[in-house]
Amino acid sequence: MKIISTPLELKEQLKDEKRSIGFVPTMGALHEGHIALIKKAKEQNEFVVVSIFLNPTQFLKGEDLDKYPKKDEADKKICKLCGVDLLFFPQANDIYGSDEVSLLAPKVRGYVLEGESRPSHFNGVLTVVMKLLNIVSPKRAYFGKKDAQQLNLISLMVKQLFMNVEIVAVDTVREKDGLALSSRNVYLSASQRQEALKIPTSLRSATAMVMKGLLDSELIIANMREILYPLDISYVAIVNREFTQVDKVEIGNSIILVEASVGETRLLDNIWL
């Protein structure tokens with residue numbers, strides 16, 4: 001596995017690459033969810049690139065940029081064991097200059113749900129993903145369904161800017177107790193982790209309601225909020241695949257989403273129906 005830290009060196013390395021490139025962008029602190037992305041990339045491509053870059057522009061003032069988990073050496077070992085061909089490991093000054101061009105998230109979809117609680121967050125996400133895709137020029141790029149709104153906006157960016165890359169969505173990976181894997185789970189104490197299990201429990205309950213034919217969004221959300229109490233809920237929402245909130249679940253075209261904080265740890269989860 002080759003490790004490269006600068007964009008120009010990476011572009012030079014890949015400019016004559018004839019094999020299909022699968023790309024997995026990450027912020028490090030790799031876990032089984034990231035490994036699932038890498039495995040999917042290896043299944044579908046001949047050459048796999050992973051990036052580890054803790055992107056400062058997607059963190060708002062007062063958020064956890066400075067304490068975000070960093071496991072650089074462990075991450076390198078994981079990538080090597082997973083058969084990654086090339087690891088891109090830049091620093092902030094490799095990616096950003098002093099007078100930056102940046103992308104703006106859509107005025108509607110970029111400022112609802114997580115975008116409402118974290119205004120400008122998706123500006124930073126889209127800007128860095130655009131940069132990374134331009135540096136790597138992959139055939140396919142892999143993102144988890146757990147960050148459903150992010151996935152939707154990246155797919156929209158690729159479509160609207162006529163970018164020549166396929167965005168591949170990969171199912172959420174969960175721990176044995178049902179909690180969606182996240183690098184932020186390490187922040188949780190034992191008691192907080194038990195509280196956090198209310199999140200997947202609420203989604204399972206919502207699924208059970210839908211399977212019984214109870215499709216009314218208001219009823220499903222009310223039931224979920226009861227289960228989530230007393231967590232600090234940012235939102236519980238039911239949207240279609242275009243991220244428009246809907247009055248009734250439509251099987252095959254709906255996502256039920258939750259963002260809630262356990263202590264100071266913000267957790268996202270969802271289920272695609």
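**Exercise 1. In this predicted model, find which residues Leu 133 touches, leaving out residues up to four places away in sequence.**

Start with the contact list. Beyond its sequence neighbours, Leu 133 touches Phe 23, Pro 138, Ala 141, Met 157, Val 158, Met 163 and Val 165.

Next, put Leu 133 in its wider setting. The largest nonpolar core has 33 residues, and Leu 133 is among those that touch the most other members, along with Leu 10, Leu 14, Val 49, Val 129 and Ile 167.

Now ask where the core residues come from. Helix H1 (7-14), E2, E3, strand E4 (86-88), helix H6 (121-136), E5 and helix H7 (148-160) each supply at least two of them. H6 gives the largest share, ten residues.

Don't stop at one core, though. A second, separate core of 23 residues includes Ala 196, Ile 221, Met 224 and Ala 260. As background, nonpolar side chains in soluble globular proteins tend to be buried together.

**Exercise 2. Work out the strand order of the six-stranded open sheet and say which strands stand at its edges.**

Step one is the order: E1-E4-E3-E2-E5-E6, with parallel pairing.

Step two is the edges. Strand E1 (2-4) and strand E6 (166-170) each have a single partner strand, so each keeps one side without a neighbour in the sheet. On average, neighbouring strands here are turned by 25 degrees against each other, direction ignored.

Step three zooms in on one pair. Strand E2 (residues 21-26) and strand E5 (residues 140-144) run parallel and are joined by two bridges. Phe 23 has Ala 141 in E5 as its bridge partner. Those two names should ring a bell, as Leu 133 touches both Phe 23 and Ala 141.

Finally, add a helix. Helix H2 (residues 32-44) packs on this sheet and touches E2, strand E3 (47-52), E5 and E6. The direction of H2 makes about 155 degrees with that of E5.

**Exercise 3. Describe the three-stranded open sheet, then add the helices that go with it.**

Begin with the order, E7-E8-E9, where the pairing is antiparallel. Strand E7 (232-240) and strand E9 (265-272) are the edge strands, each with a single partner strand, so one side of each has no neighbour in the sheet. Neighbouring strands in this sheet are turned by 10 degrees against each other on average, direction ignored.

Then look at the E8 and E9 pair. Strand E8 (residues 254-262) runs antiparallel to E9, and eight bridges join them. Two facing pairs can be named: Ser 261 stands opposite Arg 266 in E9, and Ile 255 has Trp 272 in E9 as its bridge partner. The hairpin of E8 and E9 has two residues between the strands, and Gly 263 takes a positive phi near 65 degrees there.

Now the helices. Helix H9 (residues 198-211) lies across E8 and E9 and runs at about 20 degrees to E9. Helix H10 (residues 217-228) also packs on the sheet, touching E7 and E8, and its direction makes about 155 degrees with that of E7.

Last, check the burial of E9: six of its eight residues are buried, so this strand is mostly covered.

**Exercise 4. Find the volume of the largest cavity and the residues closest to its centre.**

First, count: the structure holds three cavities of 30 Å³ or more. The largest has a volume of about 760 Å³.

Next, the lining. It takes 40 residues, and Met 27, His 34, Tyr 68, Asp 147 and Gln 150 are the closest to the centre. E2, H2, H6, E5 and E9 are the elements that give two or more residues to this lining. The largest share, six residues, comes from H6. Recall that H6 also gives the largest share of the largest nonpolar core.

**Exercise 5. Locate Asp 247 and Leu 214, and decide for each whether it is buried, partly exposed or exposed.**

Take Asp 247 first. Asp 247 is in the loop between E7 and E8. Its relative accessible area is 68%, over the 50% cut-off, so Asp 247 is exposed. Skipping residues up to four places away in sequence, Asp 247 touches Leu 215, Asp 216 and Ser 217.

Leu 214 sits in the loop between H9 and H10. With a relative accessible area of 43%, Leu 214 is partly exposed. Its contacts outside four places in sequence are Met 209 and Ile 220.

Definitions and conventions
Residues numbered from 1 in each chain as written. Predicted model: local features only at pLDDT ≥ 70, side-chain atom pairs only at ≥ 80, totals over all residues. Heavy atoms only, no water. Pairing = 2+ DSSP bridges. Helix = DSSP H or I, 4+ residues; strand = E, 2+ residues; numbered from the N terminus. Axes fitted to C-alpha atoms, helices over the stretch in contact; angles between N-to-C directions. Contact = heavy atoms within 4.5 Å. Core = buried A, V, L, I, M, F, W, Y, C linked by side-chain atoms within 4.5 Å. Buried < 20%, exposed > 50% of the residue type's maximum accessible area, 1.4 Å probe, protein only. 1 Å grid on protein atoms, 1.4 Å probe; cavity = no way out; pocket = protein on both sides within 12 Å on 5 of 7 lines; lining within 4 Å. Points joined across faces, edges and corners; volume = space filled by probe spheres on them.
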